[in-house]
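Here is a quick tour of one protein model, written for someone who would rather look than read tables. Keep the viewer open and follow along.

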Amino acid sequence: MLRFMAIRFGRALITMFMVLVIAFITLRLSGTPFAMMFPEGITDEHQAALEAKYGFDRPIWEQFIVYLGDIASGNFGRSLYTSQPVWMMYAVRMPATLMVGGLALLLAIAIGIPLGAAAALYRGRASTSAGMGLAFLGYAVPHFVIGIGLILFFGYYLALLPATGLETPNHYILPVVTLAIPMIAAIARFMRAAMLDAIGHDYVTTALSKGLTDRRIARIHILRNAMIPLITVLGLEIAGLLNGSIFVEAVFSLPGVGRVLIDAVQGRDYPVLQFGVIAYAAIVVSVNLLVDLAYVVADPRVRLEK
């Protein structure tokens, strides 16, 4: 098990370093931020002075070495526009993003797993077929389309729920549901497939021959074994929450990290963008490591992997 996790951790470190290199180089190749900072234009002398101030006049490999040294010392830089430490800009906005994303994930798990299990155990019924049809639809529609539709229906026409901000508990309903709908669809679809695969295994036939009830077989043998591959889907959905949150936070004007990233992209704020990319990659890599660890715990056969 230790060797298994050591290999995974080594791959994670390599992945993080590659993300760091790619993000640093591509941001530098996109152009300097001074055209965004001074839309009225600046002189060549002024631009040269700014490049010298921020170190952009150095060779890119030298800039990268300096940046690695700063990261090693815990210095992730300051915003080119506000001079705030970038970690503070994200730390202030992160609670809102985590709250909305966490509630959406809980809602998706609470609905998606039972829906997928019911669709597998009671396949052929009109109700389960309709539920899976809605799941396919929810998976196909982008977050921002779902969000705009919910705003128009519940916020504008019915005037039942607020459509912007996070001031009250009611403000969380629409963005949480918007984030949860595609996840519900993905979890339900995969859960149904995993359950159907588990139903066809020999251990289910053996359990039937022993006279076990359908409910006991479904709970102990089918559902339990179907949950193991579902770990992968849950890991991917957790990692994908940040992608969806960027669009959802823009649609609902939420005070989360999505707004910080959008502003940084528009202004080419290198330090803010670099920290955002690194933080996102770190979350994805960490989730993948946790998924691998969960596999080891849930399925002892993984420990035999070479």
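In which kind of crossing does α5 pass α6?

## Where α5 meets α6

α5 passes α6 in a left-handed crossing. Before going further, bear in mind that this is a predicted model. To find the pair, look for α5 at residues 86-121 and α6 at residues 126-140. Their axes sit 9 Å apart, and the two helices pack at an angle of about 135°. That angle makes α5 oblique to α6.

Who does the touching? On the α5 side the contact is made by Leu115, Ala118 and Ala119, and on the α6 side by Thr128, Gly131 and Met132. Sort the residues of this contact by character and you get four nonpolar, two polar and no charged.

## The whole chain

Zoom out and you'll find helices: the secondary structure comes to twelve of them, with zero strands. Going along the sequence, the pattern reads α-α-α-α-α-α-α-α-α-α-α-α.

The protein has 306 residues, and 38% of them are buried. About 17,000 Å² is exposed, with carbon and sulfur atoms supplying 67% of that area. As for contacts between residues at least 6 apart in sequence, 75% join residues at least 24 apart.

## Leucine 166, a loop residue

Now pick out leucine 166, which lies in the loop between α7 (143-157) and α8 (169-199). Is leucine 166 buried or exposed? Leucine 166 has a relative accessible area of 14%, so it counts as buried, the cut-off being under 20%.

Setting aside residues up to four places away in sequence, leucine 166 touches Ala96, Val100, His171, Tyr172, Pro175, Leu254 and Pro255. Take the leucine 254 partner: leucine 166 and leucine 254 are 88 residues apart in sequence, yet their C-alpha atoms are 6.6 Å apart in space.

## Threonine 97, back in α5

Head back to helix α5, where threonine 97 lies. Threonine 97 counts as buried because its relative accessibility is 6%, and the same cut-off of under 20% applies.

Which residues does threonine 97 contact, leaving aside its neighbours within four places in sequence? The partners of threonine 97 are Leu242, Ser245, Glu249, Gly256 and Val257. It's worth showing the side chains of this group together with those around leucine 166, whose partners include Ala96, Val100, Leu254 and Pro255.

Methods:
Residues are numbered from 1 along each chain as its sequence is written. This is a predicted model: local features need pLDDT of at least 70, side-chain atom pairs count only at pLDDT 80 or more; totals for chains, interfaces and linings use all residues. Side-chain values use heavy atoms; hydrogens and water are left out. Axes are lines fitted to C-alpha atoms, for helices over the stretch in contact, and angles run from 0 to 180 degrees between N-to-C directions. Helices (H or I, at least four residues) and strands (E, at least two) are DSSP runs, numbered from the N terminus. Angles under 35 degrees count as roughly parallel, over 145 as roughly antiparallel, 65 to 115 as roughly perpendicular and the rest as oblique. A crossing is left-handed if the near helix is turned anticlockwise from the far one by less than a right angle, and right-handed if clockwise. Contact means heavy atoms within 4.5 Å. Ala, Val, Leu, Ile, Met, Phe, Trp, Tyr, Cys and Pro count as nonpolar, Asp, Glu, Lys and Arg as charged, and the others, Gly among them, as polar. Buried means under 20% relative accessible area, exposed over 50%, partly exposed in between (1.4 Å probe, protein chains only). Accessible areas come from the Shrake-Rupley method with a 1.4 Å probe; for residues, only the protein chains shown count as cover.
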